[in-house]
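Here is a friendly walk through one structure, a few residues and helices at a time. Please keep the 3D view open while you read.

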Amino acid sequence: RAVLRKASALEYKIQRRALRKEDFINYIQYEINLLELIKKRRARIGYSFKKDEIENSILHRVHCLFNRATGKWKEDVQLWLSHVAFCKQWNAKHQLSKVFSSMLAIHPNKPALWIMAAKWEMETQLSSESARHLFLRALRFHPECPKLYQEYFRMELMNAEKQRKEKKEFERAKMDLGEFNYSEEILNGEMARIIYRDAAQKIKGVEFHLAVLSIAKLFDFTQDLQKEILERHGVFSLQAKYADDPLTWDYMAHRELELGSVQSTKRTTKQMKVSEMTQREERCCAVFEEAVRAVPTEDMWKCYITFCLERYNRKTNSEELKQKRLERTLSVFSKAHESSLLPEALYKQWLQLLLESNLSEKAVEVAEAATKRFSLSVETWQMRLQVLIQQKSDDVTQCFEEAIKHVKSKGTLPLWTLWVEWSEGTNSKEDTEALYQTSFGVLLSSTFISLTRSALYWTYRNGGYKKVKRVFTSLSENRPLSLDFFRKMIQIEKEQESCKMLHLREYYERALREFGSTDSDLWLDYIKEELSHPQGKPENCGSIHWRAMKMLQGDLVEDFISKYTLLQTGHL
């Protein structure tokens, strides 16, 4: 009966003249939850009576709901993807094929959807022909999309690898291969080679060629293909064609790691391994040094620093190697900074590395230099202030004042928050109170509300109940206010030994004037307070309920009614 009642209510909503997407989503979610519940109960008690009739009817209803919703709101990609996910979860392969066809007909301009459909055909349906057909259709819509070419290239190599394994197994079983049509071109990756050649004519830039090369390296039968990619866009060709692209230099540097040691040796002692790795990394750095001279840009330095950090973070048992990596990384950071080409985001990593290495004085210098270069950045000032606070410097207050002067008032909230938190643990009560008052005068109304809650808590902790009440009255005259601000004051009142319902009513009424139309839980908490407080008046609950029904908007009314019903029955 409960299921019928709920399903009927949801069905009525989707039969309205003015349809809403939320009603369909709620109905679909309810049916999916019901399916999951039936599945769990069947598994628990081992009961499979009328399984097909019950589950299939619900599945059919969900598919119909999805079809109606996607027919009405065709442009909502997330709705289509939800239907796809549902079909995959319940193994509705035939239905999923239809969903992909309809979705791609309406959204042919989204390459990711074509890739998703082709991947499903290849990996789930095991149909390379269907996947190839989808990729070819997609390329007619997006003839210059690098991602489509990459995934098509990958799919053909996966298909070749799959056929090679099948052929190997059949040969091992000494089966006749006459009935199987294994094309040597496909087995050797010729389809992938054709795709690459076609793409190379249309797509410019080194990034695509490097991505294709990295895909080819995943398969052990693509040596000839890799050779062609390197010959077409090999090391010297890369330097000639894309000398200004940081990715070119990054690839060339990383390639030095793969080439091995210059001096080949059969000894495998620990010292020789360390020496070999050191030589490889030095050759990489030599390429990067040449790169930052040829392409002096932030992106190039970022590639160099990222490489150094990756090598430093690699685990090694050699302290000598780890120390060399640290010195190299710090040196590259310094060079980039001196060139004024160190990106803002990397200053934080530089400071972390300095502090981990107990180079606190250098960290303070670097933080100061960063704020001079990025004087309008809140994050950079926060970074410098945190370093000074961590080092217990005497210049913290001066630095806060300097930061507030440079940063625009709209973005100063994080700085004020950090300042008052630091002041609470360091300065006197009078200084902290004065700082709070100053911040309230400076901050804009939209950012002011974030500090009011912490101001209440600090005042209560240091000045007591009477003082926090005065502060609450003063702050509540400013707009806008936050719900947390009122809830904090209600919590403080309830912590008093002589908690007065009169005061709680005042705080709830103030909060409801601001948030009564948008928060149903606030009304319920007010009703609970009247019912549970020794000085409460249960007879007031009726009028509070009536006011809530008048003030709440939209679906909040239904939410309030359901929760109020649970409260009456003692389940809330």
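The report below goes from an annotated span to loops, buried helix residues and a helix pair.

Please bear in mind throughout that this is a predicted model.

**The annotated span**

Let us start with the record. UniProt, in an unreviewed entry, lists residues 1-61 as "domain: U3 small nucleolar RNA-associated protein 6 N-terminal". In the model, that span is 79% helix and 0% strand, and its end C-alpha atoms lie 19 Å apart.

**Two loop residues with positive phi**

Most residues other than glycine have a negative phi. Two loop residues are worth a look with that in mind. Lys50 sits in the loop between helix H2 (21-45) and helix H3 (51-72), and its phi is near 55 degrees, a positive value. Lys50 is partly exposed, with a relative accessible area of 44%. Further along, Asn91 belongs to the loop between helix H4 (77-89) and helix H5 (93-106). Asn91 is not a glycine either, yet it has a positive phi of about 55 degrees. Because its relative accessibility is 54%, and exposed means over 50%, Asn91 counts as exposed.

**Buried residues within helices**

Now to some residues in helices. The table lists four of them with their burial.

| Residue | Helix | Relative accessible area |
|---|---|---|
| Glu228 | H12 (residues 223-232) | 13%, buried |
| Leu309 | H16 (residues 298-313) | 11%, buried |
| Ser423 | H22 (residues 413-426) | 1%, buried |
| Arg505 | H27 (residues 501-515) | 17%, buried |

What does Glu228 touch, not counting residues up to four places away in sequence? Glu228 touches Arg193 and Arg197.

Leu309, again leaving out residues up to four places away in sequence, touches Thr329, Phe333, Gln349 and Leu353. Another pairing to view is Leu309 with Arg328: they are 19 residues apart in sequence, and their C-alpha atoms are 9.5 Å apart in space.

For Ser423, the residues touched are Asp431, Thr432 and Leu435, with those up to four places away in sequence not counted. Ser423 and Thr397 are 26 residues apart in sequence, with a C-alpha to C-alpha separation of 9.1 Å.

**Arg505 and the H28–H29 pair**

Arg505 leads us to the last stop. Leaving aside neighbours within four places in sequence, Arg505 is in contact with Tyr526, Glu530, Gln535, Gly536, Lys537 and Asn540. With Glu530 there is a polar contact between the two side chains, at 2.8 Å. Arg505 is buried, at a relative accessible area of 17%, because buried means under 20%.

How do helix H28 and helix H29 pack? Helix H28 (residues 520-532) and helix H29 (residues 541-551) meet at an angle of about 175 degrees, and their axes are 10 Å apart. That angle makes H28 roughly antiparallel to H29, since angles over 145 degrees count as roughly antiparallel. On the H28 side, the contact is made by Trp523, Tyr526, Ile527, Glu530 and Leu531; H29 contributes Cys541, Ile544, His545, Arg547, Ala548 and Met551. Sorted by class, this contact has 8 nonpolar, 1 polar and 2 charged residues.

Tyr526 and Glu530 tie the two parts of this section together: they are among the H28 residues in the contact with H29, and they are also among the residues in contact with Arg505.

Notes:
Residues are numbered from 1 along each chain as its sequence is written. This is a predicted model: local features need pLDDT of at least 70, side-chain atom pairs count only at pLDDT 80 or more; totals for chains, interfaces and linings use all residues. Side-chain values use heavy atoms; hydrogens and water are left out. Axes are lines fitted to C-alpha atoms, for helices over the stretch in contact, and angles run from 0 to 180 degrees between N-to-C directions. Helices (H or I, at least four residues) and strands (E, at least two) are DSSP runs, numbered from the N terminus. Angles under 35 degrees count as roughly parallel, over 145 as roughly antiparallel, 65 to 115 as roughly perpendicular and the rest as oblique. Contact means heavy atoms within 4.5 Å. Ala, Val, Leu, Ile, Met, Phe, Trp, Tyr, Cys and Pro count as nonpolar, Asp, Glu, Lys and Arg as charged, and the others, Gly among them, as polar. Buried means under 20% relative accessible area, exposed over 50%, partly exposed in between (1.4 Å probe, protein chains only). A polar contact is a pair of N or O atoms within 3.5 Å; within protein, one must be able to donate a hydrogen and the other to accept it, and residues adjacent in sequence count only if both atoms are side-chain atoms. UniProt positions are given in the numbering used here, feature names are shortened, and annotations may be inferred rather than shown by experiment.
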